[in-house]
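Reader: I'd like a close look at just one part of this model, the sheet, please. Take it strand by strand, and tell me how far I can trust the coordinates.

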Amino acid sequence: MPPTITKTALAAARSCDVRAYRSLIKGDRWTAPRPPTVGALIGYRARHTAVAAIHRLWLRRSTVDPAVLPDLWANAWMQAGGSDEPDPEGLAWLEGYVADDPFGLAPRAEPAGRGGAGRRLVAVEQTLRTPYLDRTWQARPDLLVEAEDGAIEALELSGARHPLLDRHAVEAMAAIDHLVMGGPGLPAPYCARPHRVIVCALQTYRETDVTLPWPRAEGLLADIDAWLAGLATGVAVASPSADACAGCPYRVDCPDAWGGPTRLTASMVHAASPSYDPFATVDSG
Ligand code: SF4
């Protein structure tokens with residue numbers, strides 16, 4: 001069975017056709033563990049994990065006691081691969097996020113947040129799949145919410161300083177989110193509602209509506225399908241670069257890898273991150 005097309009796999013594969021061929025056509029599992037998470041990436045992942053935990057509490061209509069935040073942040077920090085003391089700046093940021101509720105998600109009677117939208121949470125990190133063009137397309141929006149006007153919104157949270165910089169990745173994400181929100185993953189009454197895709201910047205609290213008109217989304221999905229069909233013929237040219245190859249799971253045996261194939265030994269990985277599970281991070285959304 002062909003691999004499921006996810007927006008994250010697609011974004012990663014776009015950097016190199018050989019990588020795309022192996023991940024999206026052949027369905028090779030990661031052949032090497034990704035390097036242990038370092039530096040800023042730990043903080044980024046920890047913030048994502050921590051806000052997901054907050055959103056799950058809000059989804060159950062629980063209020064969040066500020067006293068639980070240090071433990072919640074410490075757990076998120078560890079899950080993100082941090083082995084030293086949790087970053088205190090991240091905790092301060094999390095406390096601010098809960099107090100500000102910038103995207104209007106907390107369960108309260110009055111509309112809240114700078115977004116000004118009294119939203120109702122519908123799901124947190126729910127995987128949605130839809131068959132389309134003889135493939136299975138999958139997305140896992142960070143949040144699905146019902147907006148005040150009744151529309152169903154996929155909120156994609158980003159910790160990046162410039163979350164809209166990669167226009168192709170943002171448009172592919174918007175097209176796939178749009179597709180799956182109309183598919184069988186959502187309860188029928190939600191499928192028929194208007195859908196929006198919103199990028200929410202965690203650093204600036206800025207919201208950007210990146211919804212594509214359906215004809216544009218349809219055209220983009222057809223382009224992706226045609227690109228994948230071309231790859232399936234077996235003609236794929238490598239595009240090695242320091243950036244692409246550093247995070248590529250196939251560098252272990254790729255003759256074109258930037259600087260040559262890199263072999264990470266199990267002991268190197270274990271020493272850097274004892275609890276590291278190479279398959280736990282296989283893309284799912
Ligand atoms: S290691 Fe580099 S050249 Fe080889 S598949 Fe990965 S991204 Fe492409």
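**The sheet, strand by strand**

Author: Five strands make up an open sheet, in the order β2-β5-β6-β7-β8, and the pairing is mixed. At its edges are β2 (120–124) and β8 (207–209); each has a single partner strand, so one side of each goes without a neighbour in the sheet. From one strand to the next, the twist averages 30°.

Some ground rules before going on. This is a predicted model, with local features needing pLDDT of at least 70 and side-chain atom pairs counted only at pLDDT 80 or more, while totals for chains, interfaces and linings use all residues. Numbering starts from 1 along each chain as its sequence is written. Helices (H or I, at least four residues) and strands (E, at least two) are DSSP runs numbered from the N terminus, and two strands pair if DSSP finds at least two bridges between them.

Back to the β2 edge: β2 and β5 (residues 143–146) run antiparallel, joined by 4 bridges. One residue pair to click on is Ala123 with its bridge partner in β5, Leu144. Helix α3 (residues 40–59) packs on the sheet, touching β2, β5 and β6 (152–158), and its direction makes about 125° with that of β2. Contact here puts C-beta atoms, placed from the backbone, within 7 Å; angles run from 0 to 180 degrees between N-to-C directions of axes fitted to C-alpha atoms, for helices over the stretch in contact. Further along, helix α6 (residues 167–181) lies across β6 and β7 (195–201), running at about 140° to β7.

Don't mix this sheet up with some other pairings. Strand β4 (residues 135–139) pairs with β1 (residues 5–6) in the parallel sense over 2 bridges, with Thr6 opposite Gln138. Strand β3 (residues 128–132) runs antiparallel to β4 over 5 bridges, and Leu128 stands opposite Ala139 there. The β3 and β4 hairpin has 2 residues between the strands, and Leu133 takes a positive phi near 50°.

As for trust, pLDDT is the predictor's confidence in each residue, from 0 to 100. The chain averages 83, and 83% of the residues score at least 70. Edge strand β8 has the highest mean pLDDT among the elements (96), whereas helix α10 (residues 266–272) has the lowest (45). Over residues 111–116 pLDDT is below 50, though that stretch has 20 contacts in the model beyond near neighbours in sequence. Residues 265–285 also stay under 50, with 24 contacts beyond four places in sequence. Where pLDDT is low, the predicted coordinates should not be read in detail.

Key:
Contact = placed C-beta atoms within 7 Å.
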